[in-house]
Structure formats: structure tokens, C-alpha cells
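Q: Could you take a close look at one part of this model for me? I'd enjoy a connected walk through a single helix and what surrounds it.

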Amino acid sequence: MAQLLKGAPVAAALSAELANRSDALKAQGVTPTLAILRVGERPDDISYETGAVKRCEKTGIAVKKVLLPAGSTSEELLKAVRQINGDPAVHGCLMLRPLPDADAEWAACCMLSPEKDVDGVTPSALGTVFTGRGAGYPPCTAQACMEILSYYGIPLDGKRAVVIGRSLVVGRPVSMLLQRRNATVTMCHSRTADLPAVCREADVLIAAAGQAGMVDASYVRSGQVVIDVGIHVNEAGKLCGDAAFDAVEPVVEAITPVPGGVGAVTTAVLAKHVVEAAERCL
Ligand code: NDP
């Protein structure tokens, strides 16, 4: 049986000091505050928002929701970002993505103040991820994968890491963060030839393709660590990941469950970034 790399203890360790740090900030007249910018009513967004709000409540962070109707124009989105930028009470912004209009989304990411970018969406934060320099925060999900690997003491130095996915949200940043920890990284995508064979070469396999159950027994071998980033609702209405858990778990050394794996850690990383951003304001 594989070791289950549960997210809850990682999230607890990350959040441990946050409530105290929020109290210390409040004693100095600063309430750490996260703005959540959501366009429309996508169930995925609402589900993530609910988790983020709960985490903020537990860690003493105030939440200000900025809600725009589905079909809002690019100008309306940019106006909302400008208002968040100009609101001195807001220390961090979580923009729920993807937005239907990718160009409008990128324009909004570029407009967000770098100091309020707690989810690594601005070019400035991505620059930090790629160069290892600067004060930007990495995207929370990519960082959550790294926190899990660190918490469970998974060695990365000189190890082979394979990442399925090359999005700016997960695949690309986590590849850079793994490389910074001296893993040898292969970043895969929908055009990668013989993906199962590439994945079997991994010591650490990060599955972030957004395809339910895609990683089956043919993608894995014994001794591997699998970090499953995917979140989907299957035909039975249950949450599942990119890995076909029942097929993969008996083969590998360790695996994150879905639910209860990466998702649980992502909101803890977000809360940590918000408290840090508020501390930087002082
Ligand atoms: P995207 O759709 O933006 O990117 C998916 C990537 O996977 C793309 O690079 C795509 O390749 C690649 N891909 C898709 N299908 C295949 C395939 N069959 N074989 C190989 N590569 C493939 O998704 P995100 O990066 O935003 O999210 C990935 C997953 O992570 C989703 O399930 C999402 O729900 C989940 N997620 C979880 C979070 C958490 O907190 N746990 C937070 C954010 C996301 P190409 O570039 O060629 O199209």
C-alpha cells in the first residue's frame, strides 16, 4: 500500500502561526484582508472560493468579495482590478480563473499591483518564479505541491521529476520550483509522445493535466511519488483527480489523495501569502 500524502497536516503546519500573526497585525491596526475577484457563478470557482474563505476565517484574515456578473466586459474587469489596487485595506487579491476571455484575464493579471499578487499571476511574480529573484509569490497551487514534498521529506536533489501540464497556474511554475530544488525536470503536455513511458521514468510525478483519471497503471512504476493536482467531479458525483487512484495507488510508493491532498494545502499557502503581504505593508 502506498503512503498517503494527506494535505491536512501540511496545511496545519503552514497555518499554525498565521492566526497569531494576524492578531499581531490587528493589534497594530492592520487587518490582513484578501479580495476575491470572481466573474460569474462557475461551480469550480465557488467551490475554491468557499475553501479559501474557510481558511481565511481560521487564520484571522478578512475577505472582501468582488463579484462581477458572467459576461462582464474586459473594461469592467480592469475597473474592478483598479479598485482593488487602490483599496488600502486590501493586502492580497485572488482572481478566480480561468476567465472565459483569456486576453482579458491576462490584461487583468498584468494590471494587478505586484505587492497584492498573492497567487503569482503577475508577470513580476512569474519573473520571481523563473529567476529566483525578487519578492513575488509563486502561484499557490504550484507552491502547495512543493510544500507537500518538503513536509513529507521527499528527496528531490538529483531526482527525475515529470510534470504533466504546462499552464502558468501549475505546470510551468511547479517545473521551475522543482528545478530550483535540483530535480531534473521534464515538462509534458498534450503533444508529448508516449507520455506513459516518460512518466514511468519519474521519481516524482506531478499530474496537472486537468483530465480525470488519465494517469492509469501504465503511467507509473514502483517507488514513485505521485502528486495529483487535478480536481474533477466524476460520473458518480464524487471528487477525483487526474490519477486513477485505485489503479495507481497499489503500484507507487506514495500518492496524494483527491480530495484531501493538494487542494487542502493550496488555501493554506494563499493564507500565508496574504498575512505576509499585510506584514510587508507595515
Ligand atoms: P490547464 O487546462 O490550464 O492546463 C492543462 C495542461 O495539461 C496543459 O498544458 C495541457 O497541454 C496538458 N494536458 C491536457 N490534456 C493532456 C493530455 N491528455 N496529455 C498530456 N497533457 C495534457 O489546467 P490547469 O493547469 O489550470 O489545472 C490543471 C488541473 O489542476 C485541473 O484539473 C485543475 O482543476 C486543477 N487545479 C487544482 C488546484 C488545486 O488547488 N488542487 C488549483 C488549480 C488547478 P497543452 O498545453 O498542450 O494544451
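A: Happy to! Let's begin where helix 5 begins: there, a side-chain oxygen of aspartate 101 comes to within 3.0 Å of the backbone nitrogen of aspartate 103. Do keep in mind that this is a predicted model.

Helix 5 covers residues 102-111, and Ala104, Glu105, Ala108 and Cys109 are buried in it. Viewed down the helix axis, these buried residues fall within an arc of 140 degrees, so they line one face of helix 5. Helical geometry helps here: an α-helix has 3.6 residues a turn, so residues three or four places apart point the same way.

What does that face meet? The buried residues of helix 5 pack against helix 4, strand 4 (92-95) and helix 6 (123-131).

On the helix 4 side, leucine 77 is a good residue to look at. Leucine 77 belongs to helix 4, which runs over residues 74-86. With a relative accessible area of 4%, leucine 77 counts as buried, because the cut-off for that is under 20%. From helix 5, Ala104, Glu105 and Ala108 are among the residues that leucine 77 touches. Leaving aside residues up to four places away in sequence, leucine 77 also touches Leu37, Val39, Leu68 and Leu99.

For a sense of distance along the chain and through space, take leucine 77 and alanine 107: they are 30 residues apart in sequence, and their C-alpha atoms are 9.2 Å apart.

How values were computed:
Residues are numbered from 1 along each chain as its sequence is written. This is a predicted model: local features need pLDDT of at least 70, side-chain atom pairs count only at pLDDT 80 or more; totals for chains, interfaces and linings use all residues. Side-chain values use heavy atoms; hydrogens and water are left out. Helices (H or I, at least four residues) and strands (E, at least two) are DSSP runs, numbered from the N terminus. Buried means under 20% relative accessible area, exposed over 50%, partly exposed in between (1.4 Å probe, protein chains only). Contact means heavy atoms within 4.5 Å. The arc is that of the directions from the helix axis to the C-beta atoms. A polar contact is a pair of N or O atoms within 3.5 Å; within protein, one must be able to donate a hydrogen and the other to accept it, and residues adjacent in sequence count only if both atoms are side-chain atoms.
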